[in-house]
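Reader: I'd like to go through this one by asking where each label comes from. Can you show me the structure and then take my questions?

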Amino acid sequence: MSLKLENKIAVITGAGSGIGRAMAMLFAGQGAVVHLLDFDQKGGEEVAKEIQNTGGKAAFHFTNVADFAGVATIFETIGKVDILINNAGIAHVGSLENCGLDDFEKVYQVNVRGVYNCLHAALPTMKNQKSGVILNLASVASSIGIPDRFAYSMSKGAVVGMTLSVARDYVTDGIRCNCISPGRVHTPFVDGFIAKNYPGQEKEMFQKLSVSQPVGRMGTPEEIAKLALFLCSDDGSFITGADYAIDGGFVNLKM
Ligand SMILES: NC(=O)c1ccc[n+]([C@@H]2O[C@H](COP(=O)([O-])OP(=O)(O)OC[C@H]3O[C@@H](n4cnc5c(N)ncnc54)[C@H](O)[C@@H]3O)[C@@H](O)[C@H]2O)c1
């Protein structure tokens, strides 16, 4: 069986955990050379090692995606990029009233500026080679009003907007750009915000968040990775400027 990403150079941000980790493992298994960018040194190095131990090609780069100059330097080191996945992201729970300027700025710096920084750094090489695929992680929070997600929804709306703009402007350069909007996916991201925001009610909140998907459960990182592989491989060659829901029916099916 032929591999779908043989020798493709893939950069995945936030690859030290959750969805990013699952994508890195799957992409490496399909022959990609995976560059894992994360500011969790331990997590990122562990995933890179796991990939190498199973015969895959991976390199970890300590990165804060919010740091424009730092990101630019890392992309210079990497050189050619065939696939960029902007996956690193942070959560914030709170309405407008509960979202202070610091909270807002923090979410903006990672979820919006971080995407801008990586897009900016990867574009020249993709334009040069007249090919490239970009996949951004948006969220169901970009298209429907989820309670207490003011800053997070702002950031994911911006991700969808940036996706469309890049897809439009570089379609004639052979660059495809899409995003995916997951519903709840069981990762440390979800466990972390439940623990932080609902202490003592972890079990109830986990159950509540699970059944809010009409399919009755959260997604798995591996399910998201499979859609990412489809969109980033030649299987998705006719797809650009799209925002794919992968949410167990969360947005489109009434409960
Ligand atoms: N899990 C969900 O339910 C869900 C739903 C919709 C969208 N998403 C989106 O999917 C993406 C991945 O989520 P996840 O659940 O796998 O999260 P996660 O917390 O498990 O992993 C996120 C990774 O990003 C890294 N990261 C965070 N800030 C960074 C920074 N400034 N620079 C570099 N790395 C940074 C973290 O260290 C971590 O390894 C996020 O963009 C998130 O918003 C997640």
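Author: Sure. This is a predicted model. Let's start with the largest nonpolar core, which has 68 residues; Ala24 and Val34 touch the most other members. Helix α4 gives the largest share of this core, ten residues.

Reader: What does Val34 touch, leaving out residues up to four places away in sequence?

Author: Val34 touches Ala10, Ile12, Ala24, Phe27, Ala28, Ile51, Lys57 and Ala58. Ala24, named above with Val34 for touching the most other core members, is on that list too.

Reader: And what makes His35 buried or exposed?

Author: The cut-off for buried is 20 or more other C-beta atoms within 10 Å. His35 has 26, so it counts as buried. His35 sits in strand β2, residues 33–38. Beyond four places in sequence, His35 touches Ala10, Val11, Ala59, His61 and Ile78.

Reader: How far is His35 from Ala228, in sequence and in space?

Author: They are 193 residues apart in sequence and 16 Å apart in space, C-alpha to C-alpha.

Reader: Let's move to Gly16. How do you know whether Gly16 is buried or exposed?

Author: Same kind of count. Gly16 has 26 other C-beta atoms within 10 Å, and the threshold is 20, so Gly16 is buried. Gly16 is in the loop between β1 (9–13) and α1. Its contacts, sequence neighbours within four places aside, are Arg21, Leu36, Asp38, Asp40, Gly43, Gly44 and Val47. As for Phe39, the C-alpha atoms of Gly16 and Phe39 are 8.3 Å apart, with their positions 23 residues apart in sequence.

Reader: What about His92: why is it called buried?

Author: His92 has 21 C-beta neighbours inside 10 Å, and 20 or more is what buried takes, so the label holds. The residue is in the loop between β4 (83–86) and α4. Setting aside neighbours within four places, His92 is in contact with Cys99, Asp103, Val107, Ala151 and Tyr152. Asp103 is eleven residues away in sequence and 7.4 Å away in space, C-alpha to C-alpha.

Reader: Which residues other than glycine have a positive phi?

Author: Lys130 is one of them, with a phi of about 60°. Asp148 also has a positive phi of about 60° although it is not a glycine. As background, most residues other than glycine have a negative phi.

Reader: What makes Lys130 exposed, and Asp148 partly exposed?

Author: Exposed takes 12 or fewer other C-beta atoms within 10 Å. Lys130 has 10, so it is exposed. Asp148 has 14, which is over 12 and under 20, so Asp148 counts as partly exposed. Lys130 is in the loop between α4 and β5, and Asp148 in the loop between β5 and α5.

Reader: How do you know that the length of helix α5 agrees with its residue count?

Author: The expected span is 1.5 Å times one less than the number of residues. For the 20 residues of α5 (150–169) that gives 28 Å, and the end C-alpha atoms are 29 Å apart, so the two agree. The buried residues of α5 include Phe150, Ala151, Tyr152, Lys156 and Val166. Among the elements covering these buried residues are α4, β5 (132–137), β6 (175–182) and β7 (243–246).

Reader: Why is the ligand said to lie between domain 1 and domain 2?

Author: Both domain 1 (9–183 + 220–246) and domain 2 (185–218) give residues to the shell around the ligand, so the ligand lies between them. There are 30 residues around the ligand, and Gly14, Gly18, Gly89, Thr187 and Phe189 come nearest. Helices α1 (18–29), α4 (101–129) and α6 (188–197) each supply at least two shell residues. By type, the shell has 13 nonpolar, 14 polar and three charged residues.

Reader: And what do the two domains share directly, in terms of contact?

Author: Ten residues of domain 1 are in contact with eight residues of domain 2. On the domain 1 side, α1 and α8 (221–232) are the elements that give two or more residues. That side divides into six nonpolar, four polar and no charged residues. The domain centres, taken over C-alpha atoms, are 23 Å apart.

How values were computed: Residues are numbered from 1 along each chain as its sequence is written. This is a predicted model: local features need pLDDT of at least 70, side-chain atom pairs count only at pLDDT 80 or more; totals for chains, interfaces and linings use all residues. A residue is near a molecule or strand if its C-beta atom, placed from the backbone, lies within 6 Å of it. Helices (H or I, at least four residues) and strands (E, at least two) are DSSP runs, numbered from the N terminus. Ala, Val, Leu, Ile, Met, Phe, Trp, Tyr, Cys and Pro count as nonpolar, Asp, Glu, Lys and Arg as charged, and the others, Gly among them, as polar. Domain bounds come from an automatic or database domain assignment. Two residues are in contact if their C-beta atoms, placed from the backbone, lie within 7 Å. A nonpolar core is a set of buried Ala, Val, Leu, Ile, Met, Phe, Trp, Tyr and Cys residues joined through C-beta atoms within 7 Å.
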